[in-house]
Amino acid sequence: MLSQRYIFLTTFATCFTLIIVTTSLQSPMNALVTIILLVAANIFMTFAWYGHLKLQEMGKIANTPLFLVILGSWFIAFFEYSLQIPANRIGYIGNGGTFSLVQLKIIQEVITLLVFSVFSFTVFKTQIQWNHLAAFFCLVLAVYFVFMK
């Protein structure tokens, strides 16, 4: 029950965060492209960092040397970087984007937590605790405060 509530609350909080971000900006389309790229990059990142743990748990790479697992993760991370770097370039205010460096980082952290939460719940069947909700709420507050005028 808590897991279903957590998914609902994190989805709601993410939508709320996106509303805060896009309505407070002069170029919502630029912001949306940045956020979509960040989400896609984080999906690759999460699989690069944690996917090998599930493969090992399933016995698929139990005897694979660590350096090969690292190389496989780097291969996946290449695609993460291929999306993350353009997202930061497009979104950064110094390049004509709409976000300050701090805003980009806070948005990135919220997206990272959301993607990781969905991944851990669906792939590892992790049980979500109340303190996970509290931590996510704090990140949403961080987004609110960083975008305050």
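Helices and strands are here taken as DSSP runs, a helix having at least four residues and a strand at least two, and they are numbered from the N terminus. By this reading, the elements of the protein chain follow the order α-α-α-α-α from the N terminus on. The model described in this report is a predicted one.

## Overall composition

The secondary structure of the protein chain amounts to five helices and zero strands. The chain has 149 residues, of which 34% count as buried. Its exposed surface comes to about 9200 Å², and carbon and sulfur atoms supply 73% of that area. Among contacts between residues at least 6 apart in sequence, 80% join residues that are at least 24 apart.

## The nonpolar core

The largest nonpolar core of the model has 17 residues. Those with the most contacts inside this core are L38, F99, I107, I111, F136, V143 and F147. The elements that give two or more residues to the core are α2, α4 and α5, the last of these spanning residues 130–146. Helix α4 gives the most, with seven residues.

The surroundings of L38 can be described residue by residue. When its neighbours within four places in sequence are left aside, L38 is in contact with Q84, A87, N88, I107, Q108 and I111.

## A buried asparagine

N42 is found in helix α2, which covers residues 28–57. The relative accessible area of N42 is 0%, and N42 is therefore counted as buried, since the limit for a buried residue is under 20%. Leaving aside neighbours within four places in sequence, N42 is in contact with Q84, Q108, I111, T112 and V115. Q84, Q108 and I111 are thus listed among the contacts of N42 and also among those of L38.

## Salt bridges

Side chains of opposite charge can pair when their charged atoms come close. In this model the count comes to two salt bridges.

One of them joins K54 and E57, whose closest N and O atoms are 2.8 Å apart. Both residues lie in helix α2, three residues apart, or about one turn of the helix. E57 has a relative accessibility of 53% and so counts as exposed, the limit being over 50%.

In the other salt bridge, the side chains of K105 and E109 meet at 2.8 Å, N to O. Because K105 and E109 are four residues apart in helix α4 (residues 101–122), about one helical turn separates them. K105 is partly exposed, with a relative accessible area of 48%, and E109 is likewise partly exposed, at 30% relative accessibility.

## Aromatic pairs

The count of aromatic pairs comes to eight. Two of these pairs are set out below.

| Pair | Arrangement | Centre to centre | Angle between planes |
|---|---|---|---|
| W49 and Y50 | edge-to-face | 6.2 Å | 75° |
| F75 and F79 | edge-to-face | 5.4 Å | 85° |

In the pair of W49 and Y50, W49 counts as exposed at 51% relative accessibility, whereas Y50 is partly exposed, with a relative accessible area of 29%.

The pair of F75 and F79 belongs to helix α3, where the two residues are four apart and are therefore separated by about one helical turn. F75 is exposed, with a relative accessible area of 56%, whereas F79 is partly exposed, with a value of 32%. F75 and F79 are also members of a cluster, in which ring pairs link F44, F75, F78 and F79.

## A nonpolar patch on the surface

Which residues make the nonpolar surface patch of about 670 Å²? The patch is made by L66, F67, L68, I70, L71 and W74. One of these residues, L71, has its place in helix α3, which covers residues 66–91. With a relative accessible area of 45%, L71 is partly exposed; residues of a patch need over 30% relative accessible area, so L71 meets that limit.

Notes:
Residues numbered from 1 in each chain as written. Predicted model: local features only at pLDDT ≥ 70, side-chain atom pairs only at ≥ 80, totals over all residues. Heavy atoms only, no water. Patch = residues over 30% accessible without salt bridge, like charges linked within 9 Å, V, L, I, M, F, W, Y side chains within 5 Å. Areas by Shrake-Rupley, 256 points an atom, 1.4 Å probe, with all protein chains shown as cover. Salt bridge = Lys/Arg side-chain N within 4 Å of Asp/Glu carboxyl O. Buried < 20%, exposed > 50% of the residue type's maximum accessible area, 1.4 Å probe, protein only. Contact = heavy atoms within 4.5 Å. Core = buried A, V, L, I, M, F, W, Y, C linked by side-chain atoms within 4.5 Å. Phe/Tyr/Trp six-rings, centres within 6.5 Å; stacked < 30°, edge-to-face > 60°.
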